[in-house]
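Here is a set of short exercises, each with a worked solution. Keep the sequence and the 3D view open, and try each task before you read on.

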Amino acid sequence: MEQRQLGRTGRDVGIIGLGTEHLEPGPEVLDRVLGMLVDAGGNYVDLLYVKPEYWETYGAVYRTHRANLVAAAHWGDGQRFDLDYCQACFDGMLAALGSGYAEVAMIAVIDTQEVWDGFVQQSLERLWRYQEQGRVGAIGMSGHDLSVALEAVQSGLIDVLMFPVNLVGYGNEGDAALYQACVEHDVGLVAMKAYHGGVLFTVDGRPSGITPAHCLSYVYSLPVAAAVPGPKNVDEMQATLRYLEATAEEKDYGPVVGDLPRLLHGKCVYCHHCLPCPVDIPVGWMMWLVDMTDRGTVEEARPIYESFHTDVSSCTECGECVARCPFGVDIMAGLRKVAELFG
Ligand code: SF4
Ligand code: SF4
């Protein structure tokens, strides 16, 4: 597997890493998937779960593979920006890893200026002490907000950034500026959501023609050190590793990248090009909720809907979002469904 330097950390990582978020439960699955990663020459593992219960079950598996891994242990779970909670969980992870050490401490899910200004700056004070004690190598940050990520990269305070990178961002000037900043500041860029949560692969249950090889090939055309697809099981890990044997023709994303609106016609890809809405309805997120309820239950989605503090019935049907959507999504039908489900 091709190795790339993880920014100024000086470490080399395999271009295919592992995201652990979606793995089916059970130590056996984790053990096999980690074995496949290492056998293929990969090493970068994003350790998303921070709670002690997780590490009691899975710590022994990680310890088995530890010597071959570059571990990015999360500082926080993106929900509780509470320094003592983060530190207690982080200490537990370092102990469970067996090494008492993480190559990267990843400050997790930083998406607002307020959290960057407060929680992150306070977290850095603590993480610098871990570095002085030799318990942490580099400091990373994950997030989804361009402006916060750009400020973090330009600040010189982080060595690694984990950010969504996928075909949907093709041609986006903001994304391009972020990649350029990572190069200029020698920040290791780790691509999450390389498959955009799998939404690029099917439209109404039919294959879209976009493949994992297209997605990964596009990601690696950028200054990305590693991508961390999140397989559910061994089969999905194999599908990702097949990239390593893909032909140049299979990897050629050129024919799909300029044709996404046709290939994905009618499918929301949560690109948010439909905004702004005059009455502040977060249209893309409403479409995401519709998709979420197709896969799961309304009750699971309800707290998320409520967290947006929006009222879809305030839509004036002005049509501005519909006109802006490059993917021809039936937004009005989606909003009606949201009103029906949650209104
Ligand atoms: S509705 Fe269209 S423009 Fe809005 S997020 Fe979905 S795909 Fe993007
Ligand atoms: S049609 Fe409704 S959701 Fe779309 S921009 Fe107009 S008010 Fe907003």
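**Exercise 1. Find a bridge partner, then place its strand**

Find the bridge partner of Asp46 in S5, and then work out which strands pair with S5.

Solution. Step 1: Asp46 has Ala72 as its bridge partner in S5. Please keep in mind that you are looking at a predicted model.

Step 2: look at the pairing with strand S4. S4 covers residues 44-47, and it pairs with S5 in the parallel sense over four bridges.

Step 3: look at strand S6, residues 102-107. Four bridges join S6 to S5, and these two strands run parallel. In this pairing, His74 has Met106 of S6 as its bridge partner.

**Exercise 2. Check the two faces of S5**

Sort the side chains of S5 by direction, and decide whether they are buried or exposed.

Solution. Step 1: recall the general pattern. In a regular strand, side chains alternate between the two faces of the sheet.

Step 2: apply the pattern. Val70, Ala72 and His74 point one way from S5, while Ala71, Ala73 and Trp75 point the other way.

Step 3: judge the cover. Buried means under 20% relative accessible area. Six of the six residues of S5 (residues 70-75) are buried, so the strand is mostly covered.

**Exercise 3. Put the sheet together**

Give the strand order of the open sheet, and say which strands stand at its edges.

Solution. Step 1: the order of the eight strands is S3-S4-S5-S6-S7-S8-S9-S12, with parallel pairing.

Step 2: read off the ends. Strand S3 (18-19) and strand S12 (226-227) stand at the edges; each has a single partner strand, so one side of each is left without a neighbour in the sheet.

Step 3: try another pair from this order. Strand S8 (residues 160-164) and S9 pair in the parallel sense over five bridges. One bridge partner to look for is Ala191 in S9, which belongs to Phe163.

Step 4: check the cover of S9. Five of its five residues are buried. Gly188, Val190 and Met192 lie on one side, and Leu189 and Ala191 on the other.

**Exercise 4. Compare the two ligand sites**

Which residues surround ligand 2, and in which cavity does it sit? Repeat the search for ligand 1.

Solution. Step 1: start with ligand 2. Its surrounding residues include Cys277, Cys315, Cys318 and Cys321, together with others such as Glu317 and Met332. Ligand 2 sits in the largest cavity.

Step 2: sort this shell by class. There are nine nonpolar residues, two polar residues and one charged residue around ligand 2.

Step 3: move to ligand 1. It is surrounded by 13 residues, and the closest are Cys268, Cys271, His272, Cys274 and Cys325. Ligand 1 takes up the second largest cavity. Its shell has ten nonpolar, three polar and no charged residues.

Step 4: ask about disulfides. A disulfide is a covalent bond between the sulfur atoms of two cysteines. The structure holds zero disulfides.

Step 5: classify two of the cysteines. Cys268 counts as buried because its relative accessibility is 13%. Cys315 counts as partly exposed because its relative accessibility is 25%.

**Exercise 5. Spot unusual backbone geometry**

Which peptide bond is cis, and what sign does phi have at Lys193 and Asp280?

Solution. Step 1: begin with the general rule. Most residues other than glycine have a negative phi, and most peptide bonds are trans.

Step 2: find the cis bond. It joins Leu275 and Pro276, with omega about 5 degrees. Pro276 lies in the loop between helix H11 (260-263) and helix H12 (283-295).

Step 3: stay in the loop between H11 and H12, where Asp280 is also placed. Phi of Asp280 is near 60 degrees, a positive value. Asp280 is exposed because its relative accessible area is 63%.

Step 4: go to Lys193, in the loop between strand S9 (188-192) and strand S10 (202-203). Phi of Lys193 is near 55 degrees, also a positive value. With a relative accessible area of 37%, Lys193 is partly exposed.

Methods
Residues numbered from 1 in each chain as written. Chains lettered and ligands numbered in written order. Predicted model: local features only at pLDDT ≥ 70, side-chain atom pairs only at ≥ 80, totals over all residues. Heavy atoms only, no water. Near = heavy atom within 4 Å. 1 Å grid on protein atoms, 1.4 Å probe; cavity = no way out; pocket = protein on both sides within 12 Å on 5 of 7 lines; lining within 4 Å. Sits in = over half its atoms within 2 Å of the grid points. Nonpolar A, V, L, I, M, F, W, Y, C, P; charged D, E, K, R; others polar. Disulfide = S-S within 2.5 Å. Buried < 20%, exposed > 50% of the residue type's maximum accessible area, 1.4 Å probe, protein only. Pairing = 2+ DSSP bridges.
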